[in-house]
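Grab a coffee and open the structure viewer. Here are some exercises to work through at your own pace, each with a solution underneath.

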Amino acid sequence: MWYHKPVINEELLQSLPNLKIVASSGVGIDHLDVNLLSSYGVKVSNTPFVVSTDTADMGMALMLASSRRLVEGYQMAVSADTEYFPADWLGAEVSGATLGIVGMGTIGYKVAERAKAFEMKILYHNRNQRNKEEESAIGAIYYKKIDDLLQQSDFVLLSVNLTPQTHKLIGKRELELMKPTATLINISRGLVVDQDALVEALQKKVIKAAALDVTYPEPLPRDHPLLKLKNVIITPHIGSATKKTRRLMMENMTESIQAGLAGLPVPNEV
């Protein structure tokens with residue numbers, strides 16, 4: 001499967017009685033009914049580790065681009081109407097700011113490693129607390145309650161899998177807990193955020209800005225209000241989109257398929 005295609009449903013499974021494995025690109029498996037596949041004796045694999053470095057890079061890129069208003073700056077610099085650069089056109093600091101990471105898995109941890117180089121104060125919320133050695137290596141502080149993290153962070157970065165528990169994890173209440181100067185960064189899945197609540201929060205300046213590599217749907221309808229807001233950066237779900245990583249993803253999928261067909265243990269089996 002690439003870009004969630006083909007759609008795996010019961011009709012397809014019934015038409016493929018010899019199917020042994022579905023190899024899906026990327027980390028998320030929210031597009032798959034794993035229980036249904038298992039009932040047909042079909043194994044499932046993904047490519048969780050190979051995408052982590054590039055996706056963490058993307059998270060930092062979105063943070064920097066949003067805080068320093070790079071998209072707006074580019075538009076100003078190339079506009080035919082620009083006659084001068086205003087002296088009061090300012091961004092926000094990343095170095096020394098507080099970053100709250102929601103979801104400290106492989107990607108979240110790699111974001112924290114990069115943020116440490118920017119001398120950021122790193123807070124994190126996760127189902128399970130990392131061990132003390134891992135926390136110490138990046139100077140991260142664990143928050144059992146997400147509310148406490150939201151209230152203290154200058155940047156909130158979402159790096160969680162989409163599950164029933166994380167569906168619309170960030171809604172109106174959570175956005176109102178954030179600082180009015182805070183930026184929300186989403187590199188996980190669009191449905192982790194209540195998008196209508198986010199639009200309202202950005203319009204009413206409940207939070208300062210958002211930087212999103214994911215939305216729902218993808219792409220957004222061309223008349224969607226998020227596309228009209230200056231305090232939003234949206235990229236086309238390109239967290240893992242580098243030549244090297246996409247090639248490695250395909251190699252991982254091929255290895256899983258070969259193992260599945262040979263009756264061997266499947267690498268990255270879900």
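The exercises below deal with a predicted model, going from the whole chain to single residues.

**Exercise 1. The chain as a whole**

Work out whether the radius of gyration of the chain agrees or disagrees with that of a compact globule.

Solution.
- Step 1: Start with the expectation. For 270 residues, a compact globule would have a radius of gyration near 18 Å.
- Step 2: Now take the chain itself, which has 20 Å, and that agrees.
- Step 3: Add the outline. Along the principal axes, the C-alpha atoms fill a box of roughly 65 × 50 × 35 Å.
- Step 4: Look at the inside and the outside. Buried residues account for 46% of the 270, while the chain exposes about 14,600 Å², with carbon and sulfur atoms supplying 54% of that area.
- Step 5: Check how the contacts run. Take the contacts between residues at least 6 apart in sequence: 61% of them join residues at least 24 apart.
- Step 6: Count the secondary structure. You should get 10 helices and 9 strands.

**Exercise 2. Two annotated spans**

Find which residues UniProt assigns to the "catalytic" and "NAD-binding" domain features, and describe each span.

Solution.
- Step 1: The unreviewed UniProt entry puts "domain: D-isomer specific 2-hydroxyacid dehydrogenase catalytic" at residues 3–270.
- Step 2: That span is 37% helix and 13% strand, and its end C-alpha atoms lie 18 Å apart.
- Step 3: The unreviewed entry also has "domain: D-isomer specific 2-hydroxyacid dehydrogenase NAD-binding", covering residues 60–239.
- Step 4: Over residues 60–239 you get 32% helix and 16% strand, with 11 Å between the end C-alpha atoms.

**Exercise 3. Around Asn-186**

Decide whether Asn-186 is buried or exposed, and list what it touches.

Solution.
- Step 1: Place the residue. Asn-186 sits in strand S7, which runs over residues 183–186.
- Step 2: Apply the cut-off: buried means under 20% relative accessible area. Asn-186 has 1% relative accessibility, so it counts as buried.
- Step 3: Look for a polar partner. The side chains of Asn-186 and Ser-188 make a polar contact of 2.6 Å.
- Step 4: Skip residues up to four places away in sequence, and Asn-186 touches Leu-158, Val-193, Ala-211, Leu-212, Asp-213 and Val-214.

**Exercise 4. Around Met-63**

Do the same for Met-63: is this residue buried or exposed, and which residues are in contact with it?

Solution.
- Step 1: Met-63 lies in helix H3, residues 52–67.
- Step 2: With 0% relative accessibility, Met-63 counts as buried.
- Step 3: Leave out neighbours within four places in sequence. Val-94, Leu-99, Met-120, Phe-155 and Ile-185 are then in contact with Met-63.
- Step 4: For a distance check, try Arg-127. It is 64 residues along the chain from Met-63, and their C-alpha atoms are separated by 24 Å.

**Exercise 5. The aromatic pair**

Find how many aromatic pairs the structure holds, and work out the geometry.

Solution.
- Step 1: The structure holds 1 aromatic pair.
- Step 2: The partners are Tyr-124 and Tyr-142, with 5.2 Å centre to centre and 50 degrees between the planes.
- Step 3: Classify the pair. Under 30 degrees would be stacked and over 60 edge-to-face, so the pair of Tyr-124 and Tyr-142 is tilted.
- Step 4: See what the pair links. Tyr-124 is in strand S4 (residues 121–125) and Tyr-142 in strand S5 (residues 140–142), 18 residues apart, so the pair joins distant parts of the chain.
- Step 5: Check burial too. Tyr-124, at 1% relative accessibility, counts as buried.

**Exercise 6. Backbone oddities**

Go through the backbone for cis peptide bonds and for positive phi in residues other than glycine.

Solution.
- Step 1: Recall the background. Most peptide bonds are trans, and most residues other than glycine have a negative phi.
- Step 2: Lys-5 and Pro-6 are joined by a cis peptide bond, omega about 0 degrees. Pro-6 is in the segment before helix H1 (10–15).
- Step 3: The bond from Tyr-216 to Pro-217 is cis as well, with omega near -5 degrees. Pro-217 belongs to the loop between strand S8 (209–212) and strand S9 (232–234).
- Step 4: His-4 has a positive phi, near 65 degrees. His-4 lies in the segment before H1 and, at 35% relative accessibility, counts as partly exposed.
- Step 5: Lys-168 has a positive phi of about 55 degrees. Find Lys-168 in the loop between strand S6 (155–158) and helix H8 (172–177); at 36% relative accessibility, Lys-168 counts as partly exposed.

How values were computed:
Residues numbered from 1 in each chain as written. Predicted model: local features only at pLDDT ≥ 70, side-chain atom pairs only at ≥ 80, totals over all residues. Heavy atoms only, no water. UniProt positions renumbered as here; feature names shortened; annotations may be inferred. Helix = DSSP H or I, 4+ residues; strand = E, 2+ residues; numbered from the N terminus. Buried < 20%, exposed > 50% of the residue type's maximum accessible area, 1.4 Å probe, protein only. Polar contact = N/O pair within 3.5 Å; in protein donor to acceptor, adjacent residues only side chain to side chain. Contact = heavy atoms within 4.5 Å. Rg over C-alpha atoms; globule rule 2.2 N^0.38 Å. Areas by Shrake-Rupley, 256 points an atom, 1.4 Å probe, with all protein chains shown as cover. Phe/Tyr/Trp six-rings, centres within 6.5 Å; stacked < 30°, edge-to-face > 60°.
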